[in-house]
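Let's walk through this fold together, one question at a time. Keep the viewer open as we go.

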Amino acid sequence: MTATNALAQKIAEDFVRAWTGKDVEKALSLLADDVVCEAPSGIFEGVEGYRRFLEPFASTITRATVIDVLGNGTNAATVYTVDTPILKDFRGTDYLTVENGRITRVISVFDRLPMAQARGDIQP
């Protein structure tokens, strides 16, 4: 593993552990000002845009497990599962791009169906 690989992986690990631990401010401090997040619910630009995506979800976490963090060059992937009051074992992954020590891009992948079912929007 090169220093670049280690840096991307370390930043990704710090990031996922911060937000799954409900420390949104620490997670946001690892983002570049012009970060772009692509998620099933839309595209969020800038730190404040990402805050609007992350904060409502992170604030509901009752339990979280970081399954793995993998690094490759300036990219890293985090795999996690979380519980909230209405979701159990909700799984997701984030693919992160790290440049100059900050996360510049997040591709967040998760299935929205369990959320819709838990809210009663869709019947199983």
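Q: Is Tyr-50 buried or exposed, and what is its relative accessible area?
A: Keep in mind that this is a predicted model. Buried means under 20% relative accessible area. Tyr-50 falls in that class, so call it buried, with a relative accessible area of 1%.

Q: Which residue forms an aromatic pair with Tyr-50 that is tilted?
A: A search of the whole structure turns up seven aromatic pairs. In one of them the ring of Tyr-50 sits 6.1 Å centre to centre from its partner, with 45° between the planes, and that partner is Phe-15.

Q: How many residues apart in the chain are Phe-15 and Tyr-50?
A: Phe-15 belongs to helix H1, while Tyr-50 belongs to helix H3. The pair therefore ties together distant parts of the chain, and the separation is 35 residues.

Q: What is the relative accessibility of Phe-15, and does that make it buried or exposed?
A: Look at what Phe-15 touches beyond its sequence neighbours up to four places away: Ala-27, Leu-30, Leu-31, Tyr-50, Asp-94, Leu-96 and Ile-103. The cut-off for buried is under 20%. Phe-15 comes in at 0%, so it counts as buried.

Q: Which element supplies the largest share of the largest nonpolar core?
A: The largest nonpolar core has 34 residues, and Phe-15, Trp-19, Leu-31, Tyr-50 and Ile-103 have the most contacts inside it. At least two residues each come from helix H1 (3-20), helix H2 (24-29), E1, helix H3 (46-58), strand E3 (63-72), strand E4 (75-83), strand E5 (90-99) and strand E6 (102-110). With seven residues, the largest share belongs to H1.

Q: Which residues form one aromatic cluster?
A: One of the residues with the most contacts inside the largest core is Trp-19. Trp-19 is also a member of an aromatic cluster, and the full set is Trp-19, Phe-57, Tyr-80, Phe-90 and Phe-110.

Q: Which are the edge strands of the sheet?
A: The sheet is open, has six strands with mixed pairing, and reads E2-E1-E6-E5-E4-E3 in order. The twist from one strand to the next averages 15°. An edge strand here pairs on one side only, and that description fits E2 and E3.

Q: How many residues lie between E1 and E2 in their hairpin?
A: Strand E1 (residues 31-39) and strand E2 (residues 42-45) run antiparallel and are joined by four bridges. Together they form a hairpin, and the number of residues between them is two.

Q: Which residue in E6 stands opposite Val-36?
A: On the E2 side, the bridge partner of Val-36 is Glu-45. E1 also has a parallel partner, E6, joined to it by four bridges. Opposite Val-36 in E6 you'll find Arg-105.

Q: At about what angle does H3 run to E1?
A: H3 lies across a good part of the sheet: E1, E2, E4, E5 and E6. Comparing its direction with that of E1 gives about 55°.

Q: How far apart are the N and O atoms in the salt bridge between Arg-17 and Glu-13?
A: Both residues lie in helix H1, four residues apart, which is about one turn of the helix. Arg-17 is partly exposed at 45% relative accessible area, and Glu-13 is partly exposed too, at 26%. Their side chains meet with an N to O distance of 2.6 Å.

Q: Which residue of helix H3 is paired with Glu-25 of helix H2?
A: The two are 26 residues apart, so this pair links distant parts of the chain. Their closest N and O atoms are 2.5 Å apart. Glu-25 is partly exposed at 47%, whereas its partner counts as buried at 17%. That partner is Arg-51.

Q: Which residues are linked with Arg-51 in a network of salt bridges?
A: The structure holds eight salt bridges. Arg-51 also meets Glu-48 at 3.0 Å, N to O, and these two are about one helical turn apart in H3 because they are separated by three residues. Glu-48 is partly exposed, at 44% relative accessibility. The residues linked with Arg-51 in the network are Glu-25, Glu-48 and Glu-55.

Note on methods
Residues are numbered from 1 along each chain as its sequence is written. This is a predicted model: local features need pLDDT of at least 70, side-chain atom pairs count only at pLDDT 80 or more; totals for chains, interfaces and linings use all residues. Side-chain values use heavy atoms; hydrogens and water are left out. Two strands pair if DSSP finds at least two bridges between them. A nonpolar core is a set of buried Ala, Val, Leu, Ile, Met, Phe, Trp, Tyr and Cys residues joined through side-chain atoms within 4.5 Å. Buried means under 20% relative accessible area, exposed over 50%, partly exposed in between (1.4 Å probe, protein chains only). Contact means heavy atoms within 4.5 Å. Axes are lines fitted to C-alpha atoms, for helices over the stretch in contact, and angles run from 0 to 180 degrees between N-to-C directions. A salt bridge is a side-chain nitrogen of Lys or Arg within 4 Å of a carboxyl oxygen of Asp or Glu. Rings of Phe, Tyr and Trp (its six-membered ring) pair if their centres lie within 6.5 Å; planes under 30 degrees apart count as stacked, over 60 as edge-to-face and the rest as tilted.
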